[in-house]
There are 2 protein chains.
Amino acid sequence: MILKHMLNQLSPLDVAFQALADPTRRAMVERLSRGPASVSELARPFAMSLPAVMQHLALLEGSGLVVSEKIGRVRTCRIEPRALSLAEDWINARRTAWERRLDRLGDYLEELKNNGDDNASGT
Amino acid sequence: MILKHMLNQLSPLDVAFQALADPTRRAMVERLSRGPASVSELARPFAMSLPAVMQHLALLEGSGLVVSEKIGRVRTCRIEPRALSLAEDWINARRTAWERRLDRLGDYLEELKNNGDDNASGT
DNA sequence: ATATCACTTAAGCTATTGCTTATCTATTTG
DNA sequence: CAAATAGATAAGCAATAGCTTAAGTGATAT
């Protein structure tokens, strides 16, 4: 039997926003925005087990928001700004689309007002 | 008995990112970025029941990303750009923090290179 | 060599999420 | 008024998310 969730592959945007939805993961991104960190450094501020932190990290890496490299026994993590841009740009596009729409509406109403008196007898 | 999840109140940023994490809700935001829509207009593109759409809508309104007004029997929804900015600005702040950090590092390495020959005997 | 450190993997458990159907309440419209 | 329309509320259910503990693995220090 083929399950529904096996069919629909998630887009990069899906996984990025899903990764950012969790407060712990956003705190990890915030920490990494100030510079690289090892897994245990990343884990230290949180009141949760290391495996829990690793699961968050796995999701962040899966989304491309974070990349890491293991040297010896320590894995160093850093943030990938281009994956952040992806989400940022999506929001920006929707917000500016709305604002442009408001501007056009404003212009139209302005035009109506200005043409009001010299158009009153025009028809 | 007091449950843990009854204590921790979610921040505006939490609910905003959580709202944006779902593909259906992002599609609704995308639709609304092109102009206001009624609940059934919003629901039409999706292969799910109206109550399901209403639950998504409730979450979007709870996050402040969408506002709505009911006139007669139709509720008209529109997007609230300032709530979008909240999430957008959070991402932007982290991304630019990282990029500034990289720039400073680049400047430092550049400086090391330029001072290399006239500093070789300097100490 | 062996103990410690830094992670990693696996399994399991609970709360939440994203749906569903069924039922209900207001507003139009005929 | 009766019937259709637009939305709202409630209850329930399967899948997922976010943890936990226990038990690895491989690198480094004693």
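This short presentation covers the contact between chains A and B, helix α3 of chain A, and the protein surface near DNA strand D.

Good morning, colleagues. Please bear in mind throughout that this is a predicted model.

I begin with the two protein chains. On the side of chain B, 31 residues are in contact with 31 residues of chain A. Together the two chains bury about 2900 Å², and 65% of that area lies on carbon and sulfur atoms. Within chain B, the residues that lose the most area to chain A are B:Arg26, B:Glu88 and B:Trp98, which together account for 23% of what that side buries.

The interface also has a charged and polar component. There are 6 salt bridges between chain B and chain A. In one salt bridge, A:Arg94 pairs with B:Glu30, with 2.6 Å between the closest N and O atoms. The count of residue pairs in polar contact between the chains, both at pLDDT 80 or more, is 12.

Which elements of chain B give two or more residues to the side that touches chain A? They are α2 (12–20), α3 (23–33), β3 (74–79) and α6 (81–114). The largest share, 14 residues, comes from α6(B). By residue class, that side of chain B divides into 16 nonpolar, 5 polar and 10 charged residues.

I turn now to helix α3 of chain A, residues 23–33. Several of its residues are buried, among them A:Arg25, A:Arg26, A:Met28, A:Val29 and A:Leu32. A:Thr24 is also buried, and its backbone nitrogen lies 2.9 Å from a side-chain oxygen of A:Asp22, which caps the N-terminal end of the helix. Just after α3(A), A:Gly35 adopts a positive phi of about 135°.

Finally, the DNA. There are 24 residues around DNA strand D, and those that come nearest are A:Ser49, A:His56, B:Ser40, B:Met54 and B:Arg75. Does the protein lie within 4 Å of mostly sugar and phosphate atoms of this strand, or mostly base atoms? Sugar or phosphate supplies 66% of the strand atoms within that distance, and bases supply the rest.

Individual side chains illustrate both kinds of approach. An N or O atom in the side chain of A:Ser49 is 2.7 Å from a phosphate oxygen of strand D, and a polar side-chain atom of A:Gln18 is 3.4 Å from a phosphate oxygen. B:Arg73, by contrast, places a polar side-chain atom 2.7 Å from a base oxygen. The surface near strand D draws two or more residues from each of α3 and α5 (50–62) of chain A, and α4 (39–43), α5 (50–62) and β3 of chain B. Its residues divide into 8 nonpolar, 10 polar and 6 charged.

Thank you for your attention.

Conventions. Residues numbered from 1 in each chain as written. Chains lettered and ligands numbered in written order. Predicted model: local features only at pLDDT ≥ 70, side-chain atom pairs only at ≥ 80, totals over all residues. Heavy atoms only, no water. Contact = heavy atoms within 4.5 Å. Buried area = accessible area lost by both parts, 1.4 Å probe. Salt bridge = Lys/Arg side-chain N within 4 Å of Asp/Glu carboxyl O. Polar contact = N/O pair within 3.5 Å; in protein donor to acceptor, adjacent residues only side chain to side chain. Helix = DSSP H or I, 4+ residues; strand = E, 2+ residues; numbered from the N terminus. Nonpolar A, V, L, I, M, F, W, Y, C, P; charged D, E, K, R; others polar. Buried < 20%, exposed > 50% of the residue type's maximum accessible area, 1.4 Å probe, protein only. Near = heavy atom within 4 Å.
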